[in-house]
Protein chains: 2
Amino acid sequence: MSTDVTVLGLGPMGSALAGAFVAAGHRTTVWNRTPGKAEALVRRGAVEAESAGEALGASPLTVVSLSTYEAVRDVLRPVAGELAGRALVNLTSGPPVCAREMDAWAGQAGAHYLDGVVMTTPSGIGSRDFLQLYAGSATAFERHRETLAALGDATYVGTDTALSSVYDTTLLCQMWSTLTGWLHSVVLIGAEGPGGNVTAAEYTEVANRWMDTVRFFMSTYAAQVDSGEYPSGDFPLDLHRSTMEILTHASELRGADTGMPKLFRALTERAIAAGHGNDSYARLVEFVRREGRPGATLP
Amino acid sequence: MSTDVTVLGLGPMGSALAGAFVAAGHRTTVWNRTPGKAEALVRRGAVEAESAGEALGASPLTVVSLSTYEAVRDVLRPVAGELAGRALVNLTSGPPVCAREMDAWAGQAGAHYLDGVVMTTPSGIGSRDFLQLYAGSATAFERHRETLAALGDATYVGTDTALSSVYDTTLLCQMWSTLTGWLHSVVLIGAEGPGGNVTAAEYTEVANRWMDTVRFFMSTYAAQVDSGEYPSGDFPLDLHRSTMEILTHASELRGADTGMPKLFRALTERAIAAGHGNDSYARLVEFVRREGRPGATLP
(Lines give C-alpha, C1' and ligand atoms only; values in the text may rest on other atoms or scores of the structure.)
Protein backbone atom coordinates (compact mmCIF):
# COMPACT_ATOMS: atom_id res chain seq x y z
CA MET A 1 0.00 0.00 0.00
CA SER A 2 1.36 3.39 -0.96
CA THR A 3 0.64 6.08 1.64
CA ASP A 4 -0.59 9.49 0.56
CA VAL A 5 1.66 12.30 1.71
CA THR A 6 1.48 16.08 1.90
CA VAL A 7 4.40 18.49 1.67
CA LEU A 8 4.04 22.03 3.03
CA GLY A 9 6.65 24.45 1.73
CA LEU A 10 8.16 24.30 -1.74
CA GLY A 11 11.53 25.98 -1.39
CA PRO A 12 14.51 24.06 -2.80
CA MET A 13 14.36 21.47 0.01
CA GLY A 14 10.54 21.12 0.09
CA SER A 15 10.46 20.73 -3.68
CA ALA A 16 13.14 18.03 -3.50
CA LEU A 17 11.19 16.20 -0.78
CA ALA A 18 7.93 16.34 -2.77
CA GLY A 19 9.77 15.24 -5.92
CA ALA A 20 11.16 12.18 -4.11
CA PHE A 21 7.69 11.21 -2.86
CA VAL A 22 6.27 11.57 -6.37
CA ALA A 23 9.14 9.51 -7.80
CA ALA A 24 8.44 6.77 -5.24
CA GLY A 25 4.81 6.56 -6.40
CA HIS A 26 3.07 8.28 -3.50
CA ARG A 27 -0.02 10.42 -4.12
CA THR A 28 1.64 13.71 -3.13
CA THR A 29 -0.26 16.86 -2.21
CA VAL A 30 1.74 20.06 -2.16
CA TRP A 31 1.19 23.58 -0.94
CA ASN A 32 3.26 26.74 -0.72
CA ARG A 33 2.40 30.07 0.90
CA THR A 34 3.26 32.00 -2.21
CA PRO A 35 1.92 30.49 -5.46
CA GLY A 36 3.84 29.45 -8.54
CA LYS A 37 6.21 26.94 -6.92
CA ALA A 38 4.18 23.80 -7.63
CA GLU A 39 4.07 23.75 -11.43
CA ALA A 40 6.98 21.39 -12.12
CA LEU A 41 5.76 19.02 -9.40
CA VAL A 42 2.19 19.07 -10.71
CA ARG A 43 3.47 18.18 -14.19
CA ARG A 44 5.15 15.13 -12.59
CA GLY A 45 1.88 14.07 -10.90
CA ALA A 46 1.66 16.01 -7.62
CA VAL A 47 -1.64 17.60 -6.57
CA GLU A 48 -1.59 21.27 -5.57
CA ALA A 49 -3.87 22.17 -2.64
CA GLU A 50 -5.62 25.52 -2.45
CA SER A 51 -4.88 26.00 1.23
CA ALA A 52 -2.72 24.59 4.01
CA GLY A 53 -5.85 23.11 5.62
CA GLU A 54 -6.86 21.32 2.44
CA ALA A 55 -3.30 20.03 2.05
CA LEU A 56 -3.20 18.71 5.63
CA GLY A 57 -6.58 17.05 5.18
CA ALA A 58 -5.49 15.20 2.05
CA SER A 59 -3.00 12.80 3.68
CA PRO A 60 -2.37 10.88 6.93
CA LEU A 61 1.24 12.13 6.79
CA THR A 62 2.38 15.73 6.33
CA VAL A 63 6.01 16.79 5.91
CA VAL A 64 6.79 20.45 6.60
CA SER A 65 9.83 22.24 5.18
CA LEU A 66 9.75 25.98 5.76
CA SER A 67 12.39 28.62 6.39
CA THR A 68 11.94 28.90 10.18
CA TYR A 69 9.93 27.43 13.07
CA GLU A 70 8.09 30.75 13.24
CA ALA A 71 6.89 30.18 9.68
CA VAL A 72 5.79 26.67 10.67
CA ARG A 73 3.74 28.07 13.56
CA ASP A 74 2.19 30.75 11.32
CA VAL A 75 1.11 28.11 8.79
CA LEU A 76 -0.13 25.46 11.23
CA ARG A 77 -1.88 27.50 13.95
CA PRO A 78 -4.93 28.40 11.82
CA VAL A 79 -5.40 24.76 10.76
CA ALA A 80 -4.70 23.02 14.08
CA GLY A 81 -8.13 21.39 13.88
CA GLU A 82 -6.93 19.28 10.95
CA LEU A 83 -4.02 17.77 12.87
CA ALA A 84 -5.79 15.30 15.17
CA GLY A 85 -4.71 11.72 14.48
CA ARG A 86 -2.33 12.70 11.70
CA ALA A 87 1.43 12.38 11.56
CA LEU A 88 3.30 15.68 11.32
CA VAL A 89 6.97 15.55 10.33
CA ASN A 90 8.80 18.83 10.62
CA LEU A 91 12.05 19.03 8.64
CA THR A 92 12.49 22.78 9.17
CA SER A 93 15.90 23.66 10.68
CA GLY A 94 16.00 25.21 14.12
CA PRO A 95 17.33 24.96 17.65
CA PRO A 96 16.40 22.09 19.98
CA VAL A 97 14.15 24.26 22.13
CA CYS A 98 11.90 25.04 19.13
CA ALA A 99 11.53 21.34 18.39
CA ARG A 100 10.34 20.70 21.95
CA GLU A 101 7.87 23.62 21.85
CA MET A 102 6.48 22.43 18.53
CA ASP A 103 6.22 18.91 19.91
CA ALA A 104 4.15 20.14 22.88
CA TRP A 105 1.88 22.22 20.65
CA ALA A 106 1.37 19.45 18.09
CA GLY A 107 0.67 16.96 20.87
CA GLN A 108 -2.12 19.21 22.21
CA ALA A 109 -3.56 19.34 18.70
CA GLY A 110 -3.60 15.52 18.67
CA ALA A 111 -0.88 15.04 16.07
CA HIS A 112 1.85 12.40 16.17
CA TYR A 113 4.87 14.67 15.89
CA LEU A 114 8.34 13.93 14.52
CA ASP A 115 11.10 16.48 14.31
CA GLY A 116 13.61 15.59 11.64
CA VAL A 117 16.81 16.68 9.99
CA VAL A 118 18.00 15.94 6.52
CA MET A 119 21.76 15.29 6.48
CA THR A 120 22.18 16.42 2.90
CA THR A 121 21.40 19.29 0.58
CA PRO A 122 18.36 19.20 -1.77
CA SER A 123 20.37 17.45 -4.49
CA GLY A 124 20.95 14.45 -2.19
CA ILE A 125 17.26 13.90 -1.41
CA GLY A 126 15.98 10.55 -2.65
CA SER A 127 19.32 8.74 -2.24
CA ARG A 128 19.69 6.01 0.37
CA ASP A 129 23.29 7.17 0.75
CA PHE A 130 22.22 10.10 2.92
CA LEU A 131 20.83 10.03 6.45
CA GLN A 132 17.61 11.54 7.65
CA LEU A 133 17.18 11.58 11.41
CA TYR A 134 13.81 11.60 13.14
CA ALA A 135 13.02 12.15 16.82
CA GLY A 136 9.67 12.13 18.62
CA SER A 137 6.65 9.87 18.15
CA ALA A 138 7.81 6.28 17.71
CA THR A 139 4.27 5.47 16.54
CA ALA A 140 4.46 7.96 13.68
CA PHE A 141 7.93 6.76 12.70
CA GLU A 142 6.97 3.08 12.62
CA ARG A 143 3.77 3.81 10.70
CA HIS A 144 5.48 5.94 8.06
CA ARG A 145 9.09 4.76 7.91
CA GLU A 146 8.56 3.13 4.53
CA THR A 147 7.15 6.33 3.08
CA LEU A 148 9.94 8.42 4.65
CA ALA A 149 12.47 5.99 3.15
CA ALA A 150 11.66 7.59 -0.22
CA LEU A 151 13.71 10.56 1.01
CA GLY A 152 16.82 8.65 2.10
CA ASP A 153 18.19 6.51 4.93
CA ALA A 154 15.44 7.15 7.53
CA THR A 155 16.79 6.71 11.08
CA TYR A 156 14.93 7.09 14.37
CA VAL A 157 17.09 8.57 17.15
CA GLY A 158 14.75 8.79 20.16
CA THR A 159 11.59 10.21 21.70
CA ASP A 160 13.07 13.59 22.72
CA THR A 161 12.35 15.85 19.73
CA ALA A 162 15.37 17.98 20.62
CA LEU A 163 17.57 15.08 19.53
CA SER A 164 17.26 15.55 15.79
CA SER A 165 18.82 19.00 15.80
CA VAL A 166 21.38 18.00 18.44
CA TYR A 167 22.39 15.09 16.20
CA ASP A 168 22.53 17.47 13.26
CA THR A 169 25.02 19.80 14.95
CA THR A 170 26.95 16.86 16.35
CA LEU A 171 27.30 15.03 13.05
CA LEU A 172 28.37 18.25 11.35
CA CYS A 173 31.06 18.60 14.03
CA GLN A 174 32.14 15.06 13.17
CA MET A 175 32.18 15.99 9.47
CA TRP A 176 34.19 19.18 9.91
CA SER A 177 36.80 17.47 12.07
CA THR A 178 37.21 14.67 9.56
CA LEU A 179 37.27 17.00 6.54
CA THR A 180 39.65 19.46 8.19
CA GLY A 181 41.94 16.57 9.11
CA TRP A 182 41.65 15.39 5.53
CA LEU A 183 42.63 18.86 4.22
CA HIS A 184 45.61 18.88 6.56
CA SER A 185 46.54 15.39 5.34
CA VAL A 186 46.28 16.44 1.70
CA VAL A 187 48.77 19.23 2.41
CA LEU A 188 51.07 16.88 4.37
CA ILE A 189 51.13 14.26 1.64
CA GLY A 190 52.06 16.98 -0.80
CA ALA A 191 49.03 16.62 -3.04
CA GLU A 192 48.14 20.30 -3.12
CA GLY A 193 49.84 22.85 -5.27
CA PRO A 194 52.57 22.31 -7.86
CA GLY A 195 55.26 19.69 -7.46
CA GLY A 196 53.24 17.17 -5.48
CA ASN A 197 54.09 13.52 -6.04
CA VAL A 198 50.76 12.12 -4.83
CA THR A 199 47.40 13.34 -6.11
CA ALA A 200 44.61 14.12 -3.67
CA ALA A 201 42.57 11.39 -5.36
CA GLU A 202 45.33 8.81 -4.79
CA TYR A 203 45.71 9.80 -1.16
CA THR A 204 41.96 9.84 -0.58
CA GLU A 205 41.49 6.33 -1.91
CA VAL A 206 43.85 5.07 0.79
CA ALA A 207 42.38 7.43 3.41
CA ASN A 208 38.87 6.19 2.72
CA ARG A 209 39.98 2.61 3.38
CA TRP A 210 41.78 3.75 6.53
CA MET A 211 38.50 5.30 7.72
CA ASP A 212 37.20 1.75 8.19
CA THR A 213 39.88 1.27 10.83
CA VAL A 214 39.00 4.62 12.39
CA ARG A 215 35.33 3.56 12.54
CA PHE A 216 36.43 0.40 14.30
CA PHE A 217 38.24 2.57 16.89
CA MET A 218 35.12 4.76 17.31
CA SER A 219 32.97 1.71 18.06
CA THR A 220 35.55 0.30 20.49
CA TYR A 221 35.93 3.65 22.23
CA ALA A 222 32.15 4.20 22.41
CA ALA A 223 31.84 1.12 24.60
CA GLN A 224 34.67 2.50 26.76
CA VAL A 225 32.95 5.87 27.19
CA ASP A 226 29.72 4.12 28.18
CA SER A 227 31.52 1.94 30.72
CA GLY A 228 33.91 4.61 32.02
CA GLU A 229 36.88 2.22 31.61
CA TYR A 230 39.64 3.08 29.14
CA PRO A 231 42.00 0.13 28.60
CA SER A 232 44.50 0.99 25.85
CA GLY A 233 45.64 -2.43 24.64
CA ASP A 234 48.91 -1.67 22.86
CA PHE A 235 48.10 1.92 21.84
CA PRO A 236 48.19 4.10 24.99
CA LEU A 237 48.10 7.90 25.15
CA ASP A 238 51.87 7.99 25.78
CA LEU A 239 52.40 6.43 22.34
CA HIS A 240 49.85 8.79 20.74
CA ARG A 241 51.78 11.75 22.15
CA SER A 242 55.11 10.67 20.72
CA THR A 243 53.63 10.11 17.25
CA MET A 244 51.81 13.47 17.51
CA GLU A 245 55.20 15.11 17.87
CA ILE A 246 56.19 13.60 14.53
CA LEU A 247 52.99 15.03 13.03
CA THR A 248 53.63 18.52 14.37
CA HIS A 249 57.20 18.41 13.09
CA ALA A 250 56.09 17.15 9.65
CA SER A 251 53.42 19.89 9.51
CA GLU A 252 56.04 22.54 10.17
CA LEU A 253 58.33 21.10 7.50
CA ARG A 254 55.50 20.99 4.96
CA GLY A 255 54.34 24.51 5.78
CA ALA A 256 50.97 23.26 7.00
CA ASP A 257 49.02 25.08 9.68
CA THR A 258 49.91 23.48 13.02
CA GLY A 259 46.73 24.49 14.85
CA MET A 260 45.07 21.12 14.54
CA PRO A 261 48.06 18.91 15.49
CA LYS A 262 48.74 21.19 18.44
CA LEU A 263 45.13 20.93 19.56
CA PHE A 264 45.29 17.10 19.68
CA ARG A 265 48.62 17.19 21.42
CA ALA A 266 47.51 19.69 24.07
CA LEU A 267 44.46 17.57 24.82
CA THR A 268 46.56 14.41 25.02
CA GLU A 269 49.13 16.11 27.23
CA ARG A 270 46.44 17.28 29.65
CA ALA A 271 45.23 13.70 30.05
CA ILE A 272 48.77 12.38 30.47
CA ALA A 273 49.52 15.08 33.07
CA ALA A 274 46.44 13.89 34.95
CA GLY A 275 47.93 10.39 35.10
CA HIS A 276 46.20 8.74 32.12
CA GLY A 277 49.24 8.04 29.91
CA ASN A 278 48.48 4.34 29.89
CA ASP A 279 44.80 4.79 28.93
CA SER A 280 43.22 4.73 25.48
CA TYR A 281 42.40 7.78 23.36
CA ALA A 282 38.80 7.57 24.57
CA ARG A 283 39.90 8.84 28.01
CA LEU A 284 40.23 12.28 26.37
CA VAL A 285 36.44 12.61 26.47
CA GLU A 286 36.87 13.79 30.06
CA PHE A 287 39.15 16.58 28.86
CA VAL A 288 36.97 17.70 25.96
CA ARG A 289 34.22 18.31 28.50
CA ARG A 290 35.12 21.31 30.57
CA GLU A 291 35.10 20.68 34.27
CA GLY A 292 32.00 21.32 36.28
CA ARG A 293 29.59 20.75 33.39
CA PRO A 294 29.01 16.99 33.22
CA GLY A 295 25.48 15.92 32.43
CA ALA A 296 24.18 19.39 31.61
CA THR A 297 20.79 19.25 29.95
CA LEU A 298 20.58 19.46 26.19
CA PRO A 299 20.73 23.05 24.95
CA MET B 1 52.93 -21.91 -4.49
CA SER B 2 53.66 -20.72 -0.98
CA THR B 3 56.68 -18.40 -0.79
CA ASP B 4 59.25 -18.86 1.94
CA VAL B 5 59.70 -15.79 4.09
CA THR B 6 62.21 -14.58 6.68
CA VAL B 7 61.49 -12.23 9.57
CA LEU B 8 64.34 -10.35 11.23
CA GLY B 9 63.46 -8.94 14.65
CA LEU B 10 61.13 -10.64 17.10
CA GLY B 11 59.84 -7.83 19.27
CA PRO B 12 56.05 -7.65 19.71
CA MET B 13 55.54 -6.50 16.10
CA GLY B 14 58.09 -8.84 14.52
CA SER B 15 56.65 -11.80 16.42
CA ALA B 16 53.15 -10.90 15.25
CA LEU B 17 54.37 -10.64 11.64
CA ALA B 18 56.13 -14.02 11.82
CA GLY B 19 53.08 -15.57 13.49
CA ALA B 20 50.84 -14.35 10.65
CA PHE B 21 53.18 -15.84 8.02
CA VAL B 22 53.25 -19.16 9.88
CA ALA B 23 49.45 -19.11 10.19
CA ALA B 24 49.15 -18.52 6.43
CA GLY B 25 51.24 -21.62 5.74
CA HIS B 26 54.54 -20.02 4.69
CA ARG B 27 57.84 -21.66 5.58
CA THR B 28 58.96 -18.92 7.97
CA THR B 29 62.55 -18.40 9.09
CA VAL B 30 63.04 -16.15 12.09
CA TRP B 31 66.01 -14.49 13.76
CA ASN B 32 66.49 -12.09 16.64
CA ARG B 33 69.66 -10.37 17.83
CA THR B 34 69.16 -11.56 21.39
CA PRO B 35 68.14 -15.20 21.74
CA GLY B 36 65.06 -16.61 23.46
CA LYS B 37 62.39 -14.79 21.46
CA ALA B 38 61.68 -17.51 18.90
CA GLU B 39 60.46 -20.38 21.07
CA ALA B 40 56.70 -19.86 20.71
CA LEU B 41 57.07 -19.35 16.95
CA VAL B 42 59.25 -22.46 16.56
CA ARG B 43 56.62 -24.50 18.40
CA ARG B 44 54.11 -23.30 15.78
CA GLY B 45 56.39 -24.33 12.91
CA ALA B 46 58.83 -21.47 12.31
CA VAL B 47 62.53 -22.19 11.76
CA GLU B 48 65.04 -20.29 13.87
CA ALA B 49 68.20 -19.24 12.03
CA GLU B 50 71.57 -19.11 13.79
CA SER B 51 72.56 -15.80 12.19
CA ALA B 52 71.09 -12.90 10.25
CA GLY B 53 72.99 -14.09 7.16
CA GLU B 54 71.57 -17.58 7.40
CA ALA B 55 68.09 -16.10 7.89
CA LEU B 56 68.42 -13.85 4.84
CA GLY B 57 69.70 -16.73 2.75
CA ALA B 58 66.73 -18.94 3.63
CA SER B 59 64.06 -17.01 1.72
CA PRO B 60 63.55 -14.83 -1.38
CA LEU B 61 61.64 -12.37 0.84
CA THR B 62 62.83 -10.91 4.13
CA VAL B 63 60.73 -8.69 6.37
CA VAL B 64 62.60 -6.55 8.91
CA SER B 65 61.01 -5.21 12.09
CA LEU B 66 63.53 -3.67 14.45
CA SER B 67 63.43 -0.78 16.90
CA THR B 68 65.20 1.81 14.72
CA TYR B 69 66.73 2.25 11.26
CA GLU B 70 70.12 2.31 12.97
CA ALA B 71 69.46 -1.20 14.25
CA VAL B 72 68.47 -2.23 10.71
CA ARG B 73 71.76 -0.91 9.35
CA ASP B 74 73.73 -2.68 12.10
CA VAL B 75 72.07 -5.99 11.30
CA LEU B 76 72.20 -5.77 7.51
CA ARG B 77 75.61 -4.21 6.82
CA PRO B 78 77.63 -7.32 7.69
CA VAL B 79 75.41 -9.52 5.50
CA ALA B 80 74.97 -7.19 2.50
CA GLY B 81 76.39 -9.93 0.25
CA GLU B 82 73.28 -12.03 0.86
CA LEU B 83 70.91 -9.32 -0.41
CA ALA B 84 71.47 -9.49 -4.17
CA GLY B 85 68.30 -10.45 -6.03
CA ARG B 86 66.24 -10.76 -2.85
CA ALA B 87 63.27 -8.68 -1.74
CA LEU B 88 63.84 -6.70 1.45
CA VAL B 89 60.77 -5.25 3.17
CA ASN B 90 61.54 -2.90 6.03
CA LEU B 91 58.66 -2.33 8.45
CA THR B 92 60.77 -0.51 11.02
CA SER B 93 59.36 2.93 11.93
CA GLY B 94 61.36 6.00 11.09
CA PRO B 95 61.45 9.31 9.26
CA PRO B 96 61.18 9.56 5.46
CA VAL B 97 64.85 10.46 5.03
CA CYS B 98 65.93 7.15 6.60
CA ALA B 99 63.71 5.22 4.20
CA ARG B 100 65.39 6.91 1.23
CA GLU B 101 68.89 6.27 2.60
CA MET B 102 68.07 2.61 3.21
CA ASP B 103 66.59 2.38 -0.27
CA ALA B 104 69.81 3.69 -1.83
CA TRP B 105 71.96 1.33 0.25
CA ALA B 106 69.80 -1.73 -0.44
CA GLY B 107 69.75 -0.88 -4.14
CA GLN B 108 73.55 -0.88 -4.23
CA ALA B 109 73.49 -4.29 -2.54
CA GLY B 110 71.22 -5.51 -5.33
CA ALA B 111 68.08 -5.92 -3.21
CA HIS B 112 64.54 -5.04 -4.30
CA TYR B 113 63.63 -2.72 -1.46
CA LEU B 114 60.22 -1.85 -0.02
CA ASP B 115 59.70 0.46 2.92
CA GLY B 116 56.45 -0.26 4.69
CA VAL B 117 54.25 0.81 7.55
CA VAL B 118 51.77 -1.26 9.46
CA MET B 119 48.66 0.79 10.27
CA THR B 120 47.81 -1.23 13.36
CA THR B 121 49.33 -2.51 16.57
CA PRO B 122 50.68 -6.10 16.84
CA SER B 123 47.25 -7.43 17.86
CA GLY B 124 45.79 -6.33 14.51
CA ILE B 125 48.39 -8.15 12.39
CA GLY B 126 46.87 -10.89 10.24
CA SER B 127 43.51 -9.13 9.80
CA ARG B 128 42.47 -7.84 6.39
CA ASP B 129 40.71 -5.02 8.23
CA PHE B 130 43.99 -3.17 8.72
CA LEU B 131 46.15 -1.45 6.13
CA GLN B 132 49.80 -2.04 5.45
CA LEU B 133 51.39 0.46 3.11
CA TYR B 134 54.42 -0.29 0.95
CA ALA B 135 56.55 2.09 -1.10
CA GLY B 136 59.55 1.39 -3.29
CA SER B 137 60.21 -1.48 -5.69
CA ALA B 138 57.06 -2.22 -7.68
CA THR B 139 58.71 -5.48 -8.78
CA ALA B 140 59.11 -6.66 -5.20
CA PHE B 141 55.55 -5.68 -4.33
CA GLU B 142 54.00 -7.47 -7.30
CA ARG B 143 56.11 -10.57 -6.72
CA HIS B 144 55.27 -10.82 -3.02
CA ARG B 145 51.91 -9.11 -2.58
CA GLU B 146 50.15 -12.42 -1.96
CA THR B 147 52.63 -13.32 0.76
CA LEU B 148 52.41 -9.85 2.31
CA ALA B 149 48.61 -10.17 2.28
CA ALA B 150 49.02 -12.62 5.18
CA LEU B 151 49.75 -9.56 7.32
CA GLY B 152 46.71 -7.49 6.33
CA ASP B 153 45.41 -5.24 3.55
CA ALA B 154 48.65 -4.80 1.56
CA THR B 155 48.62 -1.54 -0.41
CA TYR B 156 51.29 -0.12 -2.70
CA VAL B 157 51.56 3.69 -2.54
CA GLY B 158 54.39 4.54 -4.95
CA THR B 159 58.04 4.21 -5.88
CA ASP B 160 59.38 6.90 -3.52
CA THR B 161 60.26 4.98 -0.33
CA ALA B 162 59.66 8.12 1.74
CA LEU B 163 55.95 7.77 1.01
CA SER B 164 55.19 4.97 3.45
CA SER B 165 56.17 6.98 6.51
CA VAL B 166 54.60 10.16 5.08
CA TYR B 167 51.36 8.22 4.61
CA ASP B 168 51.71 6.88 8.15
CA THR B 169 51.90 10.36 9.70
CA THR B 170 49.20 11.64 7.37
CA LEU B 171 46.72 8.86 8.10
CA LEU B 172 47.33 9.26 11.82
CA CYS B 173 46.48 12.97 11.39
CA GLN B 174 43.28 11.87 9.68
CA MET B 175 42.58 9.48 12.56
CA TRP B 176 43.19 12.01 15.32
CA SER B 177 41.01 14.64 13.68
CA THR B 178 38.18 12.18 13.25
CA LEU B 179 38.52 10.73 16.74
CA THR B 180 38.85 14.14 18.38
CA GLY B 181 35.75 15.29 16.50
CA TRP B 182 34.05 12.12 17.67
CA LEU B 183 34.99 12.83 21.30
CA HIS B 184 33.63 16.36 20.93
CA SER B 185 30.44 14.94 19.41
CA VAL B 186 30.04 12.45 22.23
CA VAL B 187 30.15 15.33 24.70
CA LEU B 188 27.73 17.41 22.59
CA ILE B 189 25.20 14.63 22.30
CA GLY B 190 25.31 14.26 26.07
CA ALA B 191 26.57 10.68 26.09
CA GLU B 192 29.37 11.24 28.55
CA GLY B 193 28.94 11.50 32.28
CA PRO B 194 25.75 11.07 34.28
CA GLY B 195 22.36 12.20 33.02
CA GLY B 196 22.98 11.62 29.34
CA ASN B 197 20.00 10.57 27.24
CA VAL B 198 21.98 9.01 24.41
CA THR B 199 24.71 6.42 24.95
CA ALA B 200 28.03 6.77 23.15
CA ALA B 201 27.30 3.44 21.45
CA GLU B 202 23.92 4.71 20.15
CA TYR B 203 25.48 7.92 18.86
CA THR B 204 28.41 6.10 17.29
CA GLU B 205 26.19 3.74 15.34
CA VAL B 206 24.62 6.75 13.61
CA ALA B 207 27.99 8.52 13.31
CA ASN B 208 29.55 5.51 11.61
CA ARG B 209 26.80 5.54 8.98
CA TRP B 210 27.27 9.29 8.56
CA MET B 211 30.96 8.66 7.88
CA ASP B 212 29.93 7.11 4.56
CA THR B 213 28.59 10.52 3.55
CA VAL B 214 31.76 12.18 4.79
CA ARG B 215 33.84 9.76 2.70
CA PHE B 216 31.73 10.71 -0.29
CA PHE B 217 32.61 14.39 0.38
CA MET B 218 36.31 13.49 0.69
CA SER B 219 36.28 11.79 -2.71
CA THR B 220 34.39 14.68 -4.29
CA TYR B 221 36.73 17.24 -2.75
CA ALA B 222 39.85 15.25 -3.73
CA ALA B 223 38.94 15.72 -7.39
CA GLN B 224 38.46 19.44 -6.70
CA VAL B 225 41.90 19.78 -5.06
CA ASP B 226 43.50 18.00 -8.01
CA SER B 227 41.74 20.26 -10.51
CA GLY B 228 42.05 23.50 -8.50
CA GLU B 229 38.34 24.24 -9.03
CA TYR B 230 36.02 24.37 -6.01
CA PRO B 231 32.35 24.47 -7.04
CA SER B 232 30.15 24.23 -3.94
CA GLY B 233 26.88 22.96 -5.36
CA ASP B 234 24.35 23.87 -2.66
CA PHE B 235 26.75 23.77 0.31
CA PRO B 236 29.06 26.81 0.07
CA LEU B 237 31.47 28.04 2.75
CA ASP B 238 29.01 30.82 3.71
CA LEU B 239 26.54 28.12 4.77
CA HIS B 240 29.26 26.17 6.58
CA ARG B 241 30.12 29.28 8.57
CA SER B 242 26.57 29.90 9.75
CA THR B 243 26.15 26.29 10.89
CA MET B 244 29.57 26.44 12.58
CA GLU B 245 28.22 29.26 14.71
CA ILE B 246 25.47 26.92 15.91
CA LEU B 247 28.15 24.34 16.77
CA THR B 248 30.24 26.82 18.75
CA HIS B 249 27.15 27.99 20.64
CA ALA B 250 26.04 24.40 21.37
CA SER B 251 29.56 23.55 22.55
CA GLU B 252 29.49 26.45 25.00
CA LEU B 253 26.07 25.42 26.29
CA ARG B 254 27.19 21.82 26.78
CA GLY B 255 30.43 22.85 28.47
CA ALA B 256 32.53 21.31 25.71
CA ASP B 257 35.93 22.64 24.79
CA THR B 258 35.46 25.13 21.95
CA GLY B 259 38.99 24.88 20.55
CA MET B 260 38.06 22.59 17.71
CA PRO B 261 34.88 24.40 16.50
CA LYS B 262 36.76 27.69 16.67
CA LEU B 263 39.59 26.24 14.61
CA PHE B 264 37.19 25.22 11.79
CA ARG B 265 35.45 28.54 11.95
CA ALA B 266 38.64 30.60 11.84
CA LEU B 267 39.83 28.64 8.81
CA THR B 268 36.47 29.07 7.08
CA GLU B 269 36.38 32.78 7.88
CA ARG B 270 39.85 33.29 6.41
CA ALA B 271 38.70 31.73 3.14
CA ILE B 272 35.49 33.79 3.12
CA ALA B 273 37.44 36.97 3.83
CA ALA B 274 39.59 36.14 0.80
CA GLY B 275 36.45 36.04 -1.35
CA HIS B 276 35.71 32.30 -1.39
CA GLY B 277 32.33 32.29 0.41
CA ASN B 278 30.64 30.65 -2.54
CA ASP B 279 33.25 27.86 -2.88
CA SER B 280 33.20 24.36 -1.42
CA TYR B 281 34.92 23.26 1.79
CA ALA B 282 37.80 21.92 -0.29
CA ARG B 283 38.94 25.50 -1.02
CA LEU B 284 40.21 25.57 2.59
CA VAL B 285 43.18 23.46 1.49
CA GLU B 286 44.78 26.72 0.38
CA PHE B 287 44.42 28.10 3.91
CA VAL B 288 45.70 25.00 5.70
CA ARG B 289 48.88 25.39 3.71
CA ARG B 290 50.75 28.40 4.98
CA GLU B 291 51.61 30.89 2.31
CA GLY B 292 54.93 30.67 0.54
CA ARG B 293 55.35 26.95 1.03
CA PRO B 294 53.45 25.28 -1.80
CA GLY B 295 55.10 22.25 -3.31
CA ALA B 296 57.85 21.96 -0.71
CA THR B 297 59.66 18.67 -0.99
CA LEU B 298 58.69 15.85 1.31
CA PRO B 299 60.28 16.20 4.74
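**Exercise 1.** Decide whether C173(A) is buried or exposed in this predicted model, and do likewise for C173(B).

*Solution.* Begin with chain A, where C173(A) has a relative accessibility of 0%. Buried means under 20% relative accessible area, and C173(A) therefore counts as buried. Turning to chain B, C173(B) has a relative accessibility of 0% and counts as buried as well.

**Exercise 2.** Work out how many disulfides there are over all chains, and why C173(B) forms no bond with C173(A).

*Solution.* A disulfide is a covalent bond between the sulfur atoms of two cysteines, and the cut-off needed here is that the pair of sulfur atoms lies within 2.5 Å. With this cut-off the count over all chains is zero disulfides. For C173(A), the nearest cysteine sulfur belongs to C173(B) and is 16 Å away. Seen from chain B, the closest cysteine sulfur to that of C173(B) is in C173(A), and because the separation is 16 Å, it is too far for a bond.

**Exercise 3.** Describe how helix 9 and helix 10 of chain A are arranged and which residues meet.

*Solution.* First take the axes: those of helix 9 (residues 237-254) and helix 10 (residues 259-273) of chain A come within 9 Å and cross at roughly 155 degrees. Angles over 145 degrees count as roughly antiparallel, so helix 9 and helix 10 of chain A are roughly antiparallel to each other. The crossing of helix 9 past helix 10 in chain A is left-handed. Next come the contacts, in which helix 9 of chain A contributes residues including L237(A), R241(A), M244(A) and E252(A), while those from helix 10 of chain A include P261(A), F264(A), R265(A) and I272(A). Sorted by class, this contact of helix 9 with helix 10 of chain A comprises seven nonpolar, three polar and seven charged residues.

Definitions and conventions. Residues numbered from 1 in each chain as written. Chains lettered and ligands numbered in written order. Predicted model: local features only at pLDDT ≥ 70, side-chain atom pairs only at ≥ 80, totals over all residues. Heavy atoms only, no water. Buried < 20%, exposed > 50% of the residue type's maximum accessible area, 1.4 Å probe, protein only. Axes fitted to C-alpha atoms, helices over the stretch in contact; angles between N-to-C directions. Helix = DSSP H or I, 4+ residues; strand = E, 2+ residues; numbered from the N terminus. Parallel < 35°, antiparallel > 145°, perpendicular 65-115°, else oblique. Left-handed = near helix turned anticlockwise from the far one by under 90°. Contact = heavy atoms within 4.5 Å. Nonpolar A, V, L, I, M, F, W, Y, C, P; charged D, E, K, R; others polar.
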